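The report below walks through one protein chain, beginning with a single strand and its partners and then widening to other parts of the fold. Please keep the sequence and the structure in view while reading.

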Amino acid sequence: MESPPKIQRLAESVVNRIAAGEVIQRPVSAVKELVENSLDAASTSINLTIKDGGLKLIQVSDDGHGIRREDLPILCERHTTSKLSAFEDLQRITSMGFRGEALASMTYVAHVTVTTITKGQLHGYRVSYRDGVMEQEPRPCAAVKGTQIMVENLFYNMAARKKTLQNSSDDYSKIVDVVSRFAIHHTNVSFSCRKHGAVKADVHTVATSSRLDAIRTVYGVSAAHNLIEVQASDNDPSSSIFEMHGYVSNANYAAKKITMVLFINDRLVEWSALKRAIEIVYAATFPKASKPFIYISIVLPPENIDVNVHPTKREVSLLNQEVVIEKIQLVIESTLRNSNDARTFQEQTAGQFSTSRTNKSKEVNLSPTPPGSRSQKVPVNKLVRTDSLDPAGRLHAYMQVIPGGHQEKSVTLNAVRSSVRQRRSLQDSIELTSVEELLVEINNNYDPGMMDIVKHCTYVGMADDVFALLQHKTHLYLANVVNLNKELMYQQVLSRFGHFNAIQLSDPAPVKDLIILALKEEDLDSECNDDDTFKEKIADMNTDLLKTKAGMLEEYFGIHIDDQGNISRLPVILDQYTPDMDRIPEFVLSLGNDVDWDDERNCIQTVSAALGNFYAMHPPMLPNPSGEGLLFYKKNIEQELLSEAETAWAQREWSIQHVLFPSMRLFFKPPPSMATNGTFVKVASLEKLYKIFERC
């Protein structure tokens, strides 16, 4: 046998260069760090000059308080900072920088030159740095108020990294995007960003007191004109303390991709969970405007936020962050639904027509025809209802509402949301070859025709307990909701593999009791009655098996089974949706009986399929009170049972319309088998209906 390799201590230069590659991942990382340093220095003007996407030159000049002469020798050493002195200071940090790693990291992968002057000095100082130390003593020089930092030849000593960043236009666009985000938040600071040698700046803002003016300057008149102000706050110390202010786009805003600008305590960050929650609201509320513009600023006590969770400070962790997400989501949803803004069009007088014909076509025609072509009238047999928010074309408009005192829709809405009680923070995704293979199969093997139907259909209503009516162009389809849901949940389990949020059960359920209950239900279905002792043995064996697999189930799938054999947490697969807990015994039994624990790929596939079946929106156990099941409730005159059934069925249809179909538009890849197994059935075509009626 070969002897084990020797463990050796890496040289300090190697350690520093590795750390630098993690902090400064690309030119935009350096720009973000330098701009944040300028903001921490109380600057009122920040100017950037970029050459070759930042690889040749990044120059950031500000008018801040500058750097003292005696601090220059240690300025670019690792872990030197003026922002904190003890670890406890991190719990109440208000500045954007705190680690003292950014400038040091730049000196290990680039040539850095600093020119600075402080208030009251007759001249400034210029000094160059390499590998964290000064190359020579600071030299006196002429300087204007503040600091100028030049980062040249970025990644000159990292050939592999530099080769992957040869697209300078792409890197420059990322830099412009970051500067634009800072500019609309820090409205008291003037920003300028231009390419080296260019006369005109790509970003140029002046200090203003109006956030909308800043957005108008950076993102254009169209974006600013179509924004709605949103505000939220919570002062309950037991749940969360925060204030939120922002702007979100209305139905008139149209873009090819979502723009979300998020600041938490004035720190530019990303928060994928909040972004996904807002995307779901837009997909359900404004299907035609599901790529919104979002600006949100959240302020909360410094002790409620952990800023030290990401090498580039791109992410933060909040106390009770799921409560914050839910309250912001509710405010945005309420604001969007209450906004009565219709599509707006610019009016013109007859005298303006000849001079601004082109502009009018851009403003009025939502689907402009190519230049020189005439707009053609759409034949009547091709006309379809396109507004999914118009109730006139929905199935509910033709149904008689049953009178009663149990029609409060907000109750079911809140019931769905409040069921998600405790969720965990997203962890780094776990990469397994088997998961990647299963995802590749899904992404490479889907039906394009059905994909188009799913992404562009309009939900009409439920035709019966299982099938929903969908409109796509001039066709009407019946879609099996249960089959669609099983496949969507299966795909989402694989997509979120290893980083699920959690649903906390109010009372942990014993796995053994659940399995026995499931076995008894199977006996009722099969009209046989096995010995209870035999059921006990099966339950014990499966319980022991699941306890041994508890670590894997929790890490990969978010299913928590404690040492006593109680299941206490389940994964959140789709936001705003919790499964029917009446089906948990069947799910636990399938984990014990149907999962192939010996083969990694089969194990992941069968557990994911079991979760998909459990989370599918099956019809509730109680008969549907709006159909033939009403006879059941007339025989059983218990009002509570009828009320429970009405709530369960109403909640299911709300979830189908507002959770299932918006999520399908975002995530679903329909397999080809759905075209032939009855999941999608075309029941009507407008063109064929016209042919039939023309004969009459």
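Strand β18, which covers residues 467–472, is mostly covered, with 5 of its 6 residues buried, where buried means under 20% relative accessible area, exposed means over 50%, and partly exposed lies in between (1.4 Å probe, protein chains only). Strands here are DSSP runs of E with at least two residues, helices are runs of H or I with at least four residues, and both are numbered from the N terminus. The model is predicted, so local features need pLDDT of at least 70 and side-chain atom pairs count only at pLDDT 80 or more, while totals for chains, interfaces and linings use all residues. Residues are numbered from 1 along each chain as its sequence is written, and side-chain values use heavy atoms, with hydrogens and water left out.

Strand β18 has partners in β17 and β19, and two strands are said to pair if DSSP finds at least two bridges between them. With β17 (residues 458–462) the pairing is antiparallel over 4 bridges, and G461 stands opposite L469 of β18; a hairpin of 4 residues joins β17 to β18. With β19 (residues 475–480) the pairing is again antiparallel, over 6 bridges, and F467 has N480 in β19 as its bridge partner. The hairpin between β18 and β19 has 2 residues between the strands.

An antiparallel pair is also found within an open sheet of 5 strands, whose order is β10-β11-β14-β12-β13 and whose pairing is mixed. Its edge strands, β10 (227–236) and β13 (267–268), each pair on one side only. Inside this sheet, β11 (residues 240–249) and β14 (residues 293–299) are antiparallel over 6 bridges, and M244 has I298 in β14 as its bridge partner.

Two residues that are not glycines have a positive phi, and they are set out here.

| Residue | Phi | Location | Relative accessibility |
|---|---|---|---|
| A42 | about 60 degrees | loop between α2 (27–40) and β1 (45–51) | 58%, exposed |
| K473 | about 55 degrees | loop between β18 and β19 | 56%, exposed |

Helix α17 (residues 550–557) has A550, L553, Y556 and F557 buried. Seen down the axis of α17, these buried residues fall within an arc of 155 degrees, so they line one face of the helix; the arc is that of the directions from the helix axis to the C-beta atoms. They pack against α14 (481–495), α16 (532–548), β21 (560–561), β22 (566–572) and α19 (600–615), where a contact means heavy atoms within 4.5 Å. After α17 comes G558, with a positive phi near 70 degrees.

On the surface, L10, V14 and V15 make a nonpolar patch of about 220 Å², and L10 is found in the segment before α1 (12–23). Patches are made of residues with over 30% relative accessible area and no salt bridge, like charges being joined within 9 Å and nonpolar side chains (Val, Leu, Ile, Met, Phe, Trp, Tyr) within 5 Å. A salt bridge is a side-chain nitrogen of Lys or Arg within 4 Å of a carboxyl oxygen of Asp or Glu.

For the chain as a whole, the secondary structure comes to 22 helices and 23 strands, and 47% of the 696 residues count as buried. Among contacts with a separation of 6 or more, 71% join residues 24 or more positions apart. The chain exposes about 36500 Å², of which carbon and sulfur atoms supply 51%; accessible areas come from the Shrake-Rupley method with a 1.4 Å probe, and for residues only the protein chains shown count as cover.
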